[in-house]
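Q: Can you walk me through this one? I'd like to start with a single residue and work outwards.

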Amino acid sequence: MPGEMLPDRLELRASHEERDQVVERLTVAAGDGRLTADELDERLEAALTARTHGELATLLADLPDAGPAWAAGVAAASPKDVSRIVVDSASAKRDGGWVVPRRLEIESRSGSVVLDFTQAVIAVPTLEIEVAVRSGSVTLLVPPDVVADVDDVTVRSGSVRHQARPEPETPARLRIRMTGEVHSGSVTIRPPRPPRRGFWQWLLRRPRPVEALPR
């Protein structure tokens, strides 16, 4: 069925031309006042380093006229009811334009799990996460509009650190409620690191040259 092909479409590798198309759409959106200078900087950096159609399409998802036909797939992305991540002396990462499910079960035994919500496709208001951490780690990278609650996580031996407390007036795009247990491991909630400034950011933010005064 066509719906079953959607994840594969989102994971297709992006070309230079497709990145340029997204850069142009973002620049026009900023000129229309739909994006702030900081938002434009962040999205341009993500567009120029994007690997897949899903990562690019996420950058246009909240803008009118999403642009290229391949970007329309994000709106139709259907979140799973339950997803599971199990690592044993290994690592797993969800980043880019991954689709956030309604419930996520994570088991980490001497391994690491990283969930990056910076460019995630969020089609649900809440996400339930149940963790079972034993000598492993679980890290959530959350932007300001993703709120996480870890008060119901039981710590037997290890740590739970929340370093991404949002401002009260920030509207929440996604609320995460985490439950479960930590044995000799760690759970960390923190903001993503700011993107490095690339050539396009430098070019767009540099001051205009001063015209020479007439002699």
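A: Sure. Keep in mind that this is a predicted model. Start at Asp-62, which is exposed, with a relative accessible area of 53%.

Q: What does the side chain of Asp-62 meet in a salt bridge?
A: The side chain of Arg-43. The N to O distance is 2.9 Å.

Q: Where do Arg-43 and Asp-62 lie?
A: Arg-43 is in helix α3, and Asp-62 is in the loop between α4 and β1. They are 19 residues apart in sequence, so the pair ties together separate parts of the chain.

Q: Is Arg-43 buried or exposed?
A: Buried. Its relative accessible area is 15%, and the cut-off for buried is under 20%.

Q: Why would two side chains pair like that?
A: Side chains of opposite charge can pair when their charged atoms come close.

Q: How many salt bridges are in the whole structure?
A: A search finds 15.

Q: Give me another one. Which residue does Arg-109 form a salt bridge with?
A: Asp-88 is one partner, with the closest N and O atoms 3.7 Å apart. Arg-109 sits in strand β3 and Asp-88 in strand β1, so this pair links parts that are 21 residues apart in sequence.

Q: And how accessible is Arg-109?
A: Arg-109 is partly exposed, at 28% relative accessible area.

Q: What about Glu-107?
A: Glu-107 also forms a salt bridge with Arg-109. Their closest N and O atoms are 2.2 Å apart.

Q: Which residues are joined into one network by salt bridges that share partners?
A: Arg-84, Asp-88, Arg-103, Glu-105, Glu-107, Arg-109 and Glu-130.

Q: New topic: pockets. What volume does the largest pocket have?
A: About 1500 Å³. It is lined by 45 residues. The closest to its centre are Glu-42, Ala-46, Thr-118, Gln-119 and Pro-192.

Q: Which element gives the largest share of that lining?
A: Helix α3, with six residues. α3 (37-48), α4 (53-60) and β4 (112-116) each supply at least two lining residues.

Q: How does the lining split by class?
A: There are 21 nonpolar, seven polar and 17 charged residues in the lining of the largest pocket.

Q: Quick recap of where we began?
A: Exposed Asp-62 pairs with Arg-43 in a salt bridge. Arg-43 is buried and belongs to helix α3. That helix also supplies six residues to the lining of the largest pocket.

Methods: Residues numbered from 1 in each chain as written. Predicted model: local features only at pLDDT ≥ 70, side-chain atom pairs only at ≥ 80, totals over all residues. Heavy atoms only, no water. 1 Å grid on protein atoms, 1.4 Å probe; cavity = no way out; pocket = protein on both sides within 12 Å on 5 of 7 lines; lining within 4 Å. Points joined across faces, edges and corners; volume = space filled by probe spheres on them. Helix = DSSP H or I, 4+ residues; strand = E, 2+ residues; numbered from the N terminus. Nonpolar A, V, L, I, M, F, W, Y, C, P; charged D, E, K, R; others polar. Salt bridge = Lys/Arg side-chain N within 4 Å of Asp/Glu carboxyl O. Buried < 20%, exposed > 50% of the residue type's maximum accessible area, 1.4 Å probe, protein only.
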